[in-house]
Amino acid sequence: MAIVAVSQTKQPESAGQQDRLFFSGIALLVLIAVLVGFARTYFLAGVFWANFANAMVHVHGALFTLWIALLLAQVALVASHHTLWHMRLGVTGMFLAPLMVITGFATLIAAIKRKFVPPPVLQITTAQDILLLCLFAFLISWAFLARRDAPTHKRLVLCATFLIIIPAIARWPIVGNIARNPIPFYLCVNSFPALLVVYDLWTRRSLHRATICGVALMIILQLAVLPLARTALIGHTIAWLQRT
């Protein structure tokens with residue numbers, strides 16, 4: 001399931017089959033999560049014709065969509081034993097991930113400037129997006145360094161992807177108003193890493209270190225959003241961007 005090139009380590013066929021089934025299934029769930037979240041405002045609105053504030057939002061959406069497509073392609077290549085093609089295509093992720101982070105910050109800055117949500121929500125959204133992009137960059141960098149360790153690599157890529165689908169989950173109809181009742185939102189967000197935890201415990205009888213780190217960082221992010229949003233740093237940054 002690796003996004004960047006990775007040499008597959010030897011493992012028993014039964015374990016390999018379990019991995020192929022699980023990571024294929026979780027990749028499909030990620031795709032469904034994104035489609036449901038952005039169907040009304042992006043996919044069904046027309047990728048090139050959706051009414052966005054500026055062209056950067058289109059670029060941002062296209063790059064993040066390409067990441068999901070790349071994830072699915074890589075999973076499919078591994079499942080079909082096309083390892084060489086998997087490794088070649090994985091190089092794309094080395095260039096795509098930095099572009100996603102750059103356009104992510106550019107889109108956030110533009111959104112702050114146009115005051116796309118009321119002030120209290122703006123601070124929370126800003127804090128969340130900053131943490132999401134930074135943690136995504138960290139996990140993908142680690143995944144690249146661990147590309148020769150397939151179990152570690154694919155778990156890090158998956159955890160990084162769980163982070164960037166959070167905005168899509170926030171738009172699910174069943175989530176409702178997050179400000180009034182955040183419980184459905186957090187249950188949906190954490191259901192994805194929970195599946196990875198359950199899979200590790202079922203197949204390995206223990207948690208892989210990459211699973212521990214990835215899930216721990218997601219939990220830390222969720223706990224840190226509100227305290228960070230209330231800091232003077234976020235408030236001053238938003239005020240400065242809106243004045244420029």
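The predicted model holds zero disulfides. Cysteine 188 takes part in none. Its nearest cysteine sulfur belongs to cysteine 159 and is 18 Å away. Cysteine 188 also counts as buried, because its relative accessibility is 12%, below the 20% cut-off. Cysteine 213 is likewise too far from a partner for a bond, because its sulfur is 9.1 Å from the closest cysteine sulfur, again that of cysteine 159. A disulfide would need the two sulfur atoms within 2.5 Å. Cysteine 213 is partly exposed, with a relative accessible area of 31%.

The fold is built from helices. The chain has nine of them and zero strands. Read from the N terminus, the order of elements is α-α-α-α-α-α-α-α-α. The C-alpha trace spans about 60 × 35 × 30 Å along its principal axes. The radius of gyration of the chain is 18 Å. This agrees with a compact globule of 244 residues, for which a value near 18 Å would be expected. Of the 244 residues in the chain, 42% are buried.

The buried nonpolar residues were then examined. The largest nonpolar core has 50 residues. Within this core, the residues with the most contacts are Trp67, Met100, Phe136, Ile165, Ile169 and Phe192. Many helices contribute: H1, H2, H3, H4, H5 (150–164), H6, H7 and H8 each supply at least two residues of the core. Another core lies apart from it and has six residues. Among them are Ile112, Leu122, Ile234 and Leu241.

Empty space was considered next. Rolling a probe the size of a water molecule over the atoms shows where such space is left. The largest pocket has a volume of about 1,700 Å³. Its lining is made by 48 residues. Thr125, Gln128, Pro167, Ala170 and Arg171 lie nearest the pocket centre. Two or more lining residues come from each of H1 (13–43), H2 (55–79), H3 (83–113), H4 (119–145), H6 (166–170), H7 (183–203) and H8 (209–229). Helix H1 gives the most, with eight residues. By residue class, the lining divides into 32 nonpolar, 12 polar and four charged residues.

Two pairs of residues illustrate how positions separated along the chain are placed in space. Glycine 25 is found in helix H1. The C-alpha atoms of glycine 25 and valine 75 are separated by 9.4 Å, with their positions 50 residues apart along the chain. Glycine 25 counts as partly exposed, because its relative accessibility is 29%. The second pair starts in helix H2, which holds valine 59. The C-alpha atoms of valine 59 and threonine 107 are 9.2 Å apart, although the two residues stand 48 residues apart along the chain. Valine 59 is partly exposed too, at 40% relative accessibility.

One backbone angle deserves a remark. Most residues other than glycine have a negative phi. Arginine 205 has a positive phi, near 65°. This arginine lies in the loop between H7 and H8. Arginine 205 counts as exposed, because its relative accessibility is 65%, over the 50% cut-off.

Notes. Residues numbered from 1 in each chain as written. Predicted model: local features only at pLDDT ≥ 70, side-chain atom pairs only at ≥ 80, totals over all residues. Heavy atoms only, no water. 1 Å grid on protein atoms, 1.4 Å probe; cavity = no way out; pocket = protein on both sides within 12 Å on 5 of 7 lines; lining within 4 Å. Points joined across faces, edges and corners; volume = space filled by probe spheres on them. Helix = DSSP H or I, 4+ residues; strand = E, 2+ residues; numbered from the N terminus. Nonpolar A, V, L, I, M, F, W, Y, C, P; charged D, E, K, R; others polar. Buried < 20%, exposed > 50% of the residue type's maximum accessible area, 1.4 Å probe, protein only. Core = buried A, V, L, I, M, F, W, Y, C linked by side-chain atoms within 4.5 Å. Rg over C-alpha atoms; globule rule 2.2 N^0.38 Å.
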